[in-house]
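Subject: Structure handover

Hi there,

Here is the structure I promised to pass along. Have a look at it first, and then read on for what turned up.

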Amino acid sequence: MQKKIIIVLTAVSLVGIVSLWAGEKPIGAGIEVKDMDKSINPRNDLYHYANGTWIKNNPVPAEEARWGSFNELKKQNDNKLKAIIETIANEKTAPSGSTHQKLRDFYLSAMDTNFIDKQGINPIKDKMAMIQAISTKDQLMNAVADLHTNGISTMFGFYVTRDIRKSDQNICYVGQGGFHLPDRDYYLNDDDRSKDIRTAYKKHVAKMLTLATIANGDARAETILAMETEFAKVCKSRVDLRDQEKNYNKLKVEELKALSPDVNWDNYLNKVGAAGVKEIVVRQPEFFKALNGFYNKYSFEDWKTYLTWHLIDNTSNYLSSDLEREDFNFNGTVLSGVAEMKPRWKIVLGSIDDNIGEMMGEIYVEKYFSADSKKRVQEMVDYILEVYKSRIKQLDWMSEETKYKALDKLRMFTTKLGYTNKWKDYSKLEINRDAYATNIMRCSKWEFNFMVSKLGKPVDRTEWQMLPHTINAYYDPTLNEIVFPAAIMQPPFFYANADDAVNYGAIGAVIGHEISHGFDDQGSKYDGNGNLSNWWTDDD
């Protein structure tokens with residue numbers, strides 16, 4: 001399903017000199033010598049000296065694409081979450097509309113693979129019928145709007161978030177998109193690997209359509225690959241997308257209409273709940289100019305094939321096991337090199353996080369989070385920010401003018417630790433034991449409406465972009481904040497009783513990493529208020 005867009009979300013790697021624990025009990029609060037490889041000279045290879053034995057003893061599991069301290073901790077955390085959800089799932093009664101009822105029914109509907117297989121593609125047949133009924137350009141755009149509001153990404157991207165030049169306001173964004181493969185270069189590069197992926201992708205599309213009982217899968221796959229390739233040709237490269245200045249183009253809605261005159265933008269914005277907006281950030285105007293040409297180039301039958309594929313592609317993980325398996329064979333194995341699917345319960349935990357994660361997060365922090373850890377980590381953040389301040393002052397290549405503004409930005413940093421103080425209100429979200437895919441689309445629609453409801457309201461600076469049980473951290477340039485969820489404040493990143501040296505070498509590295517994002521090639525373009533603004537002298 002369509003993922004919520006986050007401005008900056010970063011994972012960091014950490015050398016494993018601080019070991020993980022076995023089961024739930026830490027085996028040591030500090031450096032574990034047994035994980036080191038002392039046969040290696042640390043002056044030549046510090047990484048393998050510190051981690052060599054751990055690496056030898058921890059091969060990448062068949063169900064993973066990578067393995068390290070983040071993954072190992074997630075494995076431990078998943079067991080805690082599994083215990084929570086299975087306890088809730090075994091409850092015979094839960095008040096209708098309660099958090100426990102919604103978590104229980106979501107989990108049970110997702111775990112009932114026999115019923116999911118029996119239903120087949122029935123949960124999306126109404127959407128398929130809507131697509132097949134398209135006979136006008138307005139109906140085409142209506143269908144795109146309907147899919148977007150139900151979490152189906154297709155044709156282009158639409159979202160509502162902070163205006164990066166006025167970070168106290170929310171605004172609509174539209175941006176390039178329309179293809180399945182991870183990047184436009186997968187469609188355009190001429191190397192053998194890219195050619196092999198395109199060949200495998202075409203076979204994958206044909207098989208998925210056939211499994212969904214759609215005729216002429218091979219011919220339709222040709223059409224889909226051709227259309228997505230045309231979309232890719234007018235998209236910016238990954239490198240060009242990093243230039244925030246060039247990808248920020250605030251236009252009047254009338255100017256967007258001039259780029260795509262055959263697209264009924266008034267109708268689309270009305271359907272997605274953004275009627276009446278006067279301005280919109282068009283991240284790639286050239287894409288929307290080309291989109292108008294695509295509107296006229298492709299027949300309605302082509303568009304039906306294209307939209308039907310994106311509907312199936314976006315929902316396959318919530319439908320019958322044959323569709324889910326084929327989706328994994330291509331996206332998991334061909335693209336990512338993962339040999340085996342995760343156990344069903346792990347897949348469903350990920351789905352809970354993607355859709356109703358704050359429900360689980362609220363229970364998680366009540367059970368596992370320590371306020372004492374939060375206090376100590378905050379002290380570490382304060383100390384590291386003070387050292388960063390000192391380092392800026394000592395820079396010999398930075399002018400006094402830029403130093404002043406850098407220090408001002410650092411002074412304005414805010415820190416969020418543990419979990420949100422304002423949980424989302426899911427009271428109007430319906431979840432029951434019917435189709436798993438239907439529950440997913442209900443959740444996606446609720447999340448989409450929650451996003452669009454921000455229009456015309458002040459930016460909520462208390463909102464989190466990460467769940468409390470996520471093993472990660474992030475810096476958000478539009479809020480100038482660093483955020484550390486509860487789950488990362490535990491071994492091997494943080495030990496409540498360990499020597500400071502251990503914690504500074506572990507979670508201290510994560511803290512420093514996130515602070516540095518405020519001054520890297522992206523964060524350095526935003527000021528202390530979170531606005532896209534060049535505060536550097538030209539020489540600096």
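Which helix lies across E5 and E7? Helix H16 (residues 371-394) does, and its direction makes an angle of about 155° with E5. Before going further, please keep in mind that this is a predicted model.

The sheet beneath that question is an open one, with three strands in the order E5-E7-E6 and mixed pairing. Strand E5 (414-418) and strand E6 (474-476) are the edge strands, each pairing on one side only. From one strand to the next, the twist averages 20°. E5 and strand E7 (residues 481-485) run parallel and are joined by five bridges. If you want one pair to look up, Thr 415 has Ile 482 in E7 as its bridge partner. As a general reminder, strands of a sheet pair through backbone hydrogen bonds, either parallel or antiparallel.

Next, helix H18. Its 17 residues (436-452) should span 24 Å at 1.5 Å a residue, and the end C-alpha atoms are 25 Å apart, so the expected and modelled values agree. H18 is mostly covered, with 12 of its 17 residues buried. Among the buried ones are Tyr 436, Ile 440, Trp 446, Phe 448 and Val 452. The cover over these buried residues includes helix H3 (99-111), helix H6 (137-149), strand E1 (157-163) and helix H15 (344-368).

Two residues of H18 deserve a closer look. Asn 439 sits in this helix and is buried, because its relative accessible area is 0%, under the 20% cut-off. The side chain of Asn 439 reaches the backbone oxygen of Asn 432 at 2.7 Å. Beyond its neighbours within four places in sequence, Asn 439 is in contact with residues including Asp 105, Phe 106, Ser 109 and Glu 430. For a sense of scale, the C-alpha atoms of Asn 439 and Gly 528 are separated by 40 Å, with their positions 89 residues apart along the chain.

Cys 443 also lies in H18, and it counts as buried because its relative accessibility is 2%. Again leaving aside neighbours within four places in sequence, Cys 443 is in contact with Phe 106, Asn 355, Ile 356, Leu 429 and Ile 431. The C-alpha atoms of Cys 443 and Gln 284 are 29 Å apart.

Finally, the charged pairs. How many salt bridges does the count come to? The count is 34, and here are a few of them:

- Lys 74 and Asp 78 meet through their side chains at 3.0 Å, N to O. Both lie in helix H2 (residues 69-89), four residues apart, about one turn of the helix. Lys 74 is partly exposed at 43%, whereas Asp 78 is buried at 8%.
- Asp 190 and Lys 195 meet at 3.7 Å, N to O. Asp 190 is exposed at 58%, and Lys 195 is partly exposed at 35%.
- Asp 500 pairs with Arg 376, their closest N and O atoms being 2.8 Å apart. This pair links distant parts of the chain, with Asp 500 in helix H19 (residues 500-505) and Arg 376 in helix H16, 124 residues apart. Asp 500 counts as partly exposed, at 42% relative accessibility.
- Glu 230, Lys 233 and Lys 297 are linked in a network of salt bridges.

Over to you, and happy exploring!

Best wishes

Notes:
Residues numbered from 1 in each chain as written. Predicted model: local features only at pLDDT ≥ 70, side-chain atom pairs only at ≥ 80, totals over all residues. Heavy atoms only, no water. Expected span 1.5 Å × (residues − 1). Buried < 20%, exposed > 50% of the residue type's maximum accessible area, 1.4 Å probe, protein only. Contact = heavy atoms within 4.5 Å. Polar contact = N/O pair within 3.5 Å; in protein donor to acceptor, adjacent residues only side chain to side chain. Pairing = 2+ DSSP bridges. Axes fitted to C-alpha atoms, helices over the stretch in contact; angles between N-to-C directions. Salt bridge = Lys/Arg side-chain N within 4 Å of Asp/Glu carboxyl O.
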